[in-house]
Amino acid sequence: MDAINTQVTFNQLISELSSRLINSEPAETYECIEEVIEAFGSYAGADRCYVFEFDDAVVNMTNTHEWVRDGFEAHIDDLQSVGIDDLPWFFNEIKTHQLFIVNDVELLPPEADAEKQEFRREHIKSVICVGIVAKHQLLGFVGCDRVQEKHRWTPEEIRCLKLVANIIANTLERQRTYAELIHTQRELEKANRLLHAQVSQDGLTGIANRRAFDERIHNEIQRSMREQSALSLLIIDIDHFKHYNDHYGHLQGDQALKGVANALFDLFQRNTDFVARYGGEEFVAVISATDRKKTEDSVNHLLESVRALQIHHETSGIAPYLTVSVGGYIHSPETDEDIDALAEKMIAKADSALYRAKSDGRNRGYLDD
């Protein structure tokens, strides 16, 4: 009667744990597997019960879960990345039959000498292992052993361990499917980020493009409204760039555009700063949380940064090197202003200031009032 009650109790516990595993979140799965092998170990009177997982080629195995009866030695830490060359006979048996039953380690055949030595090292007298198989793939095995005394494994114990192996197989397969799903999601997110970067990035200079600027100027206006802070917009135009292209060629012209873009990017490094290629030889810069004096300083630094590149421009008529003209506008948005209308106004004002800078001889900058 005790054996029947023990069997009923074990079946009830396994049924409950199986339901928990099916409905468990990935973070809870490890704990549930630990409880499953503890339940079988206690039921079978084992001293240790464990799960090993194989790599995809089934040439290496790692002890991932272990239950040990009180007073017995654990081995999980020294059973990591065990290779097929270490236990060749065992690997062949579990791969061929998905079942490995040894009632007496000392009766192992001569070809299992490596296995016998390992079992002796772990003081194992009897051992049983059942393959964990999902979708016709051997994922690992669940096993248990007796250390204190030899044991003849009963058909009922073998049946129950196969049931445990099946439960764990379904769990591991679900974990792998979940991991693959997460990997796929991350790859899609990465691809989307790359795609968004490509859509928002100027292909030549590597900085943001006109599309990205249109989005950013609206976002920065909204932020300035919330923080009640000033926002500056600069439009930068390379002086006589058509003459430069005609004289030096388009390849050299592309290098000049990259040089100016890099100078702008290096100058405006704060998180609230933003630079973009506006089109052709025009660039824009958005500067947040500033005032008129700081904006004027930024314009002067910008002019000097481009001059410092010392890009030769023999046909400039302004200087022997490449220069730019800058137009800017600074504004403190009110919370009730229309964002689209304000963005258009700021661009128009900065463009008007740029026109003035170019009319007054270029190689200079102005801020519109």
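**Exercise 1. How many of the residues of strand E7 (residues 231-238) are buried?** Work out the burial, then the partners of the strand.

Keep in mind that this is a predicted model.

Step 1. Go through the strand residue by residue: 8 of the 8 residues in E7 are buried, so the strand is mostly covered.

Step 2. Sort the side chains by direction. Leu231, Leu233, Ile235 and Asp237 point one way, while Ser232, Leu234, Ile236 and Ile238 point the other way, and all are buried.

Step 3. Look for the neighbours. E7 runs antiparallel to strand E9 (residues 282-288), with 7 bridges joining the two. Strand E10 (residues 324-331) is also antiparallel to E7, and here there are 8 bridges.

Step 4. Pin down the register. Leucine 231 stands opposite serine 288 in E9 and opposite histidine 331 in E10. Leucine 234, for its part, sits across from alanine 285 in E9.

**Exercise 2. Place E7 in its sheet and find which strands are at the edges.**

Step 1. Write down the strand order: E8-E9-E7-E10-E11, an open sheet of 5 strands with mixed pairing.

Step 2. Pick out the ends. Strand E8 (274-279) and strand E11 (365-368) are the edge strands, and each pairs on one side only.

Step 3. Get the twist, which averages 20° from one strand to the next.

Step 4. Add the helices. Helix H6 (residues 210-227) packs on the sheet and touches E7, E8 and E9, with its direction at about 135° to that of E8. Helix H9 lies across E7, E9, E10 and E11, and runs at about 165° to E10.

**Exercise 3. Describe how helix H8 packs against helix H7 and against H9.**

Step 1. Start with helix H7 (residues 241-248). Its axis is 7 Å from that of H8, and the two helices pack at an angle of about 135°. That angle is why H7 counts as oblique to H8.

Step 2. List who touches whom. H7 brings Phe241, Tyr244, Asn245 and Tyr248, and H8 brings His250, Gln252, Gly253, Ala256 and Leu257. By class, the contact of H7 with H8 comes out as 5 nonpolar, 4 polar and no charged residues.

Step 3. Now take the other partner. The axes of H8 (residues 250-267) and H9 (residues 292-308) come within 10 Å and cross at roughly 140°. This makes H8 oblique to H9, because the roughly antiparallel class takes angles over 145 degrees. The crossing of H8 past H9 is right-handed.

Step 4. Name the contact residues here too. Val260, Ala263, Leu264 and Leu267 of H8 meet Ser298, His301, Leu302, Ser305 and Val306 of H9. The tally for the contact of H8 with H9 is 6 nonpolar, 3 polar and no charged residues.

**Exercise 4. Is alanine 308 buried or exposed?**

Step 1. Locate the residue: alanine 308 is found in helix H9.

Step 2. Check the accessibility. Alanine 308 has 57% relative accessibility, so it counts as exposed.

Step 3. Tie the residue to a spot elsewhere in the chain. Phenylalanine 265 is 43 residues away along the chain, and its C-alpha atom is separated from that of alanine 308 by 15 Å.

**Exercise 5. Lay out the sheet that holds E1 to E6, and say which strands have a single partner.**

Step 1. Set the order: 6 strands make an open sheet, E3-E2-E1-E6-E5-E4, with antiparallel pairing.

Step 2. Read off the edges. Strand E3 (82-83) and strand E4 (99-102) each have a single partner strand, so one side of each has no neighbour in the sheet.

Step 3. Zoom in on one edge. E3 pairs with strand E2 (residues 60-68) in the antiparallel sense over 2 bridges. Asparagine 60 stands opposite glycine 83 in E3.

Step 4. Bring in helix H3 (residues 88-97), which packs on the sheet and touches strand E1 (48-54), E2, E3, E4, strand E5 (126-134) and strand E6 (137-146). The direction of H3 makes about 125° with that of E4.

**Exercise 6. Valine 58 and serine 81 have positive phi values. Find where each residue lies, and compare the burial.**

Step 1. Valine 58 lies in the loop between E1 and E2, and its phi is near 55°. Its relative accessibility is 11%, so valine 58 counts as buried.

Step 2. Serine 81 is in the loop between E2 and E3, with phi near 50°. Its relative accessible area is 52%, so serine 81 is exposed.

Conventions. Residues numbered from 1 in each chain as written. Predicted model: local features only at pLDDT ≥ 70, side-chain atom pairs only at ≥ 80, totals over all residues. Heavy atoms only, no water. Axes fitted to C-alpha atoms, helices over the stretch in contact; angles between N-to-C directions. Helix = DSSP H or I, 4+ residues; strand = E, 2+ residues; numbered from the N terminus. Parallel < 35°, antiparallel > 145°, perpendicular 65-115°, else oblique. Left-handed = near helix turned anticlockwise from the far one by under 90°. Contact = heavy atoms within 4.5 Å. Nonpolar A, V, L, I, M, F, W, Y, C, P; charged D, E, K, R; others polar. Pairing = 2+ DSSP bridges. Buried < 20%, exposed > 50% of the residue type's maximum accessible area, 1.4 Å probe, protein only.
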